[in-house]
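Reader: I would like a close look at the side-chain contacts in this model, taking the aromatic rings and then the charged groups. Please go through them one by one and say where each partner sits.

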Amino acid sequence: MKYIKFLMTMCAAAFAFVGCTADIEQRQLVSEEEFTAPVLAEVGDILVDGDHKNETVVFNCTPARFGQPVQIRYVVTLALGGKTTDLAMSYTPSISVTKNDINGAVVNGLEVAANESAEVGAYVTAYVGDSDIHSAPSNTVYFNVATYKASLRTIQLVGDFCNWGNDGMSPVAMWETDGGTNVYSGIYDLTGSNGQFKFLTPDWTGYDKFDSVSSGVEDVDGDNHNFQVTPGAYRITVNMSAKSVEVVSVPNLVIIGGWDGWAVAITMVYDSESNVWTSQDPVDTAGSDVKYLFRLNDDWTAKLGGGTELGENLPEGVSEAYQLVDGGADIDMPAGKWYVKLYADRTPCLVEYVAAE
């Protein structure tokens, strides 16, 4: 009995020591006013075009200081006319970024038109590891960026939902939200699986660790970077520059419209091999144009609308499709009897009408 009490006392002392050590380490960080911010070196003008898109630009800064040796995360932010966008991060004070990613950040984050030039500012903020504790921003350096219209890229989403690309099934493509953003998004149904997935390059190389992952997403295999969620339908968005993964539940993907007075929703059925959602039943507009939307949940706070015609980057075998956006307006459906297909491997999504027999 005395031996047990001795062990309990020693364990309690050990836990107390660990706690005290953590407190001491926390206290060893100097006050925020004494943090040493990084100093960013000058950056030359950047020309981005199809021939130079894969060239690398390096943002070099002096090391930050927080009063004790800690892992430091450096984040480069671009700024223009009151707008800012985070460009890239690194755990060293030398941050390498491709010209293509810079182009995407300037065009999509700072809203500079493609094939135009603008003087852009850049600064670096240093963070303690993955925490929110940070230094003051560095000095801002200015340089000209000549942009171009980048082509959309894809990565691959693979998981149990497509049998990990085995037995004749293929990984699903995830398209960029816009050319050069390095942000990829789509809606996928993981209901009939164990909810595991991962991201691959087009040549099947796995991506490195992600630093920010949505709540409810478990990293079940840190070495292989496999993620797991509760089986269901989700919108999955991955930002390769920021190394972040966002997963949002899609509890009810249906098509609903004026063909019956917006009364009955038609379920969209998922094909995991092609990542195409198809209306379970055909929509009959009874000889007249009607309006409709895709609803992603029961309370209408998530929906797809719009209807902009798109003539490029169409799925194979599709001659005409319409581009949809989050929260978009009611869509006009042409007269006829259609199966409606939703290509959700991209954001904005695409919709196609296929004549029903």
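**Aromatic and charged contacts**

Author: The structure holds 13 aromatic pairs, and it should be said at once that the model is a predicted one. One of these pairs is formed by Phe197 and Phe199, whose rings meet edge-to-face, with 5.8 Å from centre to centre and 75° between the planes. Phe197 counts as buried because its relative accessibility is 0%, and Phe199 is likewise buried, with a relative accessible area of 2%. Phe199 also pairs with Phe227, and here the arrangement is tilted, the centres being 6.2 Å apart and the planes at 55°. Since Phe199 belongs to strand E11 (residues 196–200) and Phe227 to strand E14 (residues 226–228), this pair ties together parts that are 28 residues apart in sequence. Phe227, at 2% relative accessibility, counts as buried.

Elsewhere in the chain, Tyr292, Phe294, Tyr322, Trp338 and Tyr353 come together as one aromatic cluster. Rings also take part in contacts with charged side chains: Arg73 lies over the face of Tyr127, at 4.5 Å from the ring centre, and Arg346 lies over the face of Trp175, again with 4.5 Å to the ring centre.

Arg346 leads on to the charged pairs, for it forms a salt bridge with Asp345 in which the closest N and O atoms are 2.9 Å apart. Both of these residues, Asp345 and Arg346, are buried. Side chains of opposite charge can pair when their charged atoms come close, and a search of the whole structure finds eight salt bridges. Some of them share partners, and in this way Asp101, Arg153 and Glu176 are joined into one network.

Another salt bridge brings together the side chains of Lys99 and Glu55, with 2.8 Å from N to O. This pair links distant parts of the chain, as Lys99 is in helix H2 (residues 99–109) while Glu55 is in the loop between strand E1 (46–47) and strand E2 (56–60), 44 residues apart. The two partners differ in their surroundings: Lys99 is buried because its relative accessible area of 12% falls under 20%, whereas Glu55, at 34% relative accessibility, counts as partly exposed.

A further salt bridge is made by the side chains of Lys291 and Asp332, with an N to O distance of 2.6 Å. Lys291 lies in strand E21 (residues 290–295) and Asp332 in strand E24 (residues 331–333), so the pair ties together parts that are 41 residues apart in sequence. In this bridge Lys291 is partly exposed, at 39% relative accessibility, and Asp332 is partly exposed too, with a relative accessible area of 49%.

Helix H2, which holds Lys99, deserves a word of its own. H2 is mostly covered, with nine of its eleven residues buried. The buried residues of H2 are Lys99, Asn100, Asp101, Ile102, Asn103, Gly104, Ala105, Val106 and Val107, and Asp101 in this list is also one of the members of the salt-bridge network with Arg153 and Glu176. Just after H2, the backbone at Glu111 takes a positive phi of about 60°.

Technical notes
Residues numbered from 1 in each chain as written. Predicted model: local features only at pLDDT ≥ 70, side-chain atom pairs only at ≥ 80, totals over all residues. Heavy atoms only, no water. Phe/Tyr/Trp six-rings, centres within 6.5 Å; stacked < 30°, edge-to-face > 60°. Buried < 20%, exposed > 50% of the residue type's maximum accessible area, 1.4 Å probe, protein only. Helix = DSSP H or I, 4+ residues; strand = E, 2+ residues; numbered from the N terminus. Lys NZ or Arg CZ within 6 Å of the ring centre and 35° of its normal. Salt bridge = Lys/Arg side-chain N within 4 Å of Asp/Glu carboxyl O.
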